[in-house]
Amino acid sequence: MKPANRVMKQVLRGGVAMVVATIIGGTSLSVAQESVSVRATLMTGGVPIDDPNAAAWSSAPPATFPMSPQVHWPNRIQEVTVKDVSVRALHDGKQVAFLLEYADPTQDPDDAAALEFMVGDKKAHFAHGQPMLQVEGGPVNIWFWKNKTNKAADMTAKGFGTLKPQEHQDVTAKGVYSNGSWKVVFSRNLSTGHAEEDVQITPGQFISIAFAVWDGRKDGAGELVEKGSQKAVSSWWYFRADAPPDYSGYMYAAIAAALALGFQFVLIRKLKKGQ
Amino acid sequence: MGALGKPIILMVGMYLFLKFVLPNIPGSAPLPSSLIFLYLLLTASGIVIYETLSGESKDAFWGPMQRFLTGENVGGLQALRYGVLILFPLLVGWQTYGSTAVSDLPPTESRTVHPAPPGEYTGLSNPVPKTPDNIMQGKGFYAAFCSPCHGGNFDGKGPAARGFIPAPANFADPTTIAMLQESYLFWRIKKGGVGLPIEGTPWKSAMPRWEVELPDEWIWKIIMGEYDGAHQSPRTWE
């Protein structure tokens, strides 16, 4: 038999190691990773649906997404002006607003931008919901803003050449140009009455979103360079409107901690009595 | 080594294995920490059962533990004892919080990079003779149609690649075309991203469906040019 003291020290060393191990294990679970999505921060008191410079936007974290020239289907374009877009979103439980920001050296009448969403449960190809050969796809909902009217069009597509404005126009948009960059706000109610053609936004749920931008500059011959399918595009990314805060996790944690405390208490009582 | 030294080393070793060694074994992935916690609990109960099987080791194992818990004759360790008694419930609470909290991360979608091709695209052989002329032509078509995404150097880093996820394939990488047969490439090039089965997440792929723009003969020539340019050769079996 070893002197009790030495054994005790080993117990402690081991205990400390275990505690450290659990803390490391627990921490890696709770550290949030760099998110690949746009979050709509929940706010109270009305989202700034027509003000790209509203102070409320500073409470929404921006997410940046890389853009490519559209070389996926004809007509292609090999070089575009906009290389990245920065996106923020806010919602108040009723309305959602997206703020799209990007650098564009010149303000042109034909400048335009769009958001694209998957609609419903079916997957849709990011290029206008073009048909997939082995998977049944769904439509996409496109919110299209152009500088000429400084308004939004609420559109649907399911394949190339099928893009058309919807009967029900539910989206508003407004762009403001300054210092070499565009800020465009798109907004809509979280849900609409037309679930077959409009994306329905349920707080807490992830939804696929993509972006497109046209720089309306003209070439030497006076022709538009970026138009129609010749634009800057992104892949699918995720969007989520924040769910209202849920504190039940804290309650469960408190109950578990209380149970553990009670268990310790009973155990020590028992041990003391048994001696 | 006391009766307690070995179990402790075993626990720490088990933790390090689960956390750092296992994820690096090919084909496995990092374990969620709730699972690691569960495995550690199982290991601990295994040790307790093993240690309490024989009367003698039982005493060596439980004796010091009991004295520490009840606080008898622990002397200078009293402060530590209180620390452990406070920390334990807090840890239990923390673990519970972690396992009930909703994740902030988007759903993870796994993508099968090389799903099985449809039957009619297995075992086809390139009908175009492998002459320097045809290879040259293939490289020319590649430069015109494929290089914006797959890159002039066949490395997947074309000028249009940056926004596309999944990224355009890097043909110089030994895990792409070097692992594949010409027949498989013929399928992928003809049908593109939209031709993938569901496990290939076709809705995300920017790979064009070239059959609507290029004749088969060009595609076979491009395949030759692609292998030659990327310094790879097709997988041949069967």
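## Starting with one lysine

Is B:Lys139 buried, exposed or partly exposed? With a relative accessible area of 32%, B:Lys139 is partly exposed, because the buried class stops under 20% and the exposed class begins over 50%. We'll come back to this lysine and its partner below.

## The model and how far to trust it

Keep in mind that what you have here is a predicted model. It comes with an ipTM of 0.80 and a pTM of 0.78. Chain A has an average pLDDT of 89, and 87% of its residues score at least 70. There's one stretch to treat with care: residues 25-35 of chain A have a pLDDT below 50. That stretch still makes 13 contacts in the model beyond its near neighbours in sequence.

Chain B comes in at an average pLDDT of 88, with 95% of the residues at 70 or above, that is, scoring at least 70.

## Chain A in outline

Chain A is built with 2 helices and 14 strands. It runs to 275 residues, and 49% of them count as buried. If you take the contacts in chain A between residues at least 6 apart in sequence, 63% join residues that are at least 24 apart.

On the outside, chain A exposes about 13,300 Å². Carbon and sulfur atoms supply 57% of that area.

## Aromatic pairs in chain A

Over all chains, the structure holds 23 aromatic pairs. Take A:Phe98 and A:Phe117: their ring centres are 5.7 Å apart and their planes meet at 55 degrees, so this pair is tilted. The two rings come from distant parts of the chain, with A:Phe98 in strand S5 (residues 95-103) and A:Phe117 in strand S6 (residues 112-118), 19 residues apart. A:Phe98 is buried at 0% relative accessibility, and A:Phe117 is buried with a relative accessible area of 0%. What cluster do these rings belong to? A:Phe98 and A:Phe117 form one aromatic cluster with A:Trp143 and A:Phe239.

Another pair to look at is A:Phe144 with A:Trp214, which is edge-to-face. Here the centres are 5.3 Å apart and the planes are at 85 degrees, and that angle is why the pair gets its label, since planes over 60 degrees apart count as edge-to-face. A:Phe144 sits in strand S7 (residues 140-146) and A:Trp214 in strand S12 (residues 206-214), so the pair ties together parts of chain A that are 70 residues apart in sequence. A:Trp214 is buried, at a relative accessible area of 10%.

## Arginines over rings in chain B

Two arginines of chain B are worth clicking on. B:Arg81 lies over the face of B:Tyr82, 5.6 Å from the ring centre. With B:Arg188, the charged end sits over the ring of B:Trp187, at 5.7 Å from its centre.

## Salt bridges

Side chains of opposite charge can pair when their charged atoms come close. Searching the whole structure turns up 13 salt bridges over all chains. Back to the opening lysine: B:Lys139 forms a salt bridge with B:Asp228, and their closest N and O atoms are 2.9 Å apart. This pair links distant parts of the chain, from helix H5 (residues 132-150), where B:Lys139 sits, to helix H7 (residues 216-229), home of B:Asp228, 89 residues apart. B:Asp228 counts as partly exposed, at 35% relative accessibility.

Helix H7 of chain B also holds B:Lys221 and B:Glu217, which are 4 residues apart and so separated by about one helical turn. Their side chains meet in a salt bridge at 2.9 Å, N to O. B:Lys221 is buried at 7% relative accessibility, whereas B:Glu217 is partly exposed at 45%. Over in chain A, shared partners join the salt bridges of A:Asp215, A:Arg217 and A:Glu226 into one network. Back in chain B, B:Arg209 and B:Glu211 form a salt bridge, with the closest N and O atoms 2.8 Å apart. B:Arg209 is partly exposed, with a relative accessible area of 29%, and B:Glu211 is partly exposed at 24% relative accessibility.

Key: Residues numbered from 1 in each chain as written. Chains lettered and ligands numbered in written order. Predicted model: local features only at pLDDT ≥ 70, side-chain atom pairs only at ≥ 80, totals over all residues. Heavy atoms only, no water. Phe/Tyr/Trp six-rings, centres within 6.5 Å; stacked < 30°, edge-to-face > 60°. Buried < 20%, exposed > 50% of the residue type's maximum accessible area, 1.4 Å probe, protein only. Lys NZ or Arg CZ within 6 Å of the ring centre and 35° of its normal. pLDDT = per-residue confidence, 0-100. Contact = heavy atoms within 4.5 Å. Salt bridge = Lys/Arg side-chain N within 4 Å of Asp/Glu carboxyl O. Areas by Shrake-Rupley, 256 points an atom, 1.4 Å probe, with all protein chains shown as cover.
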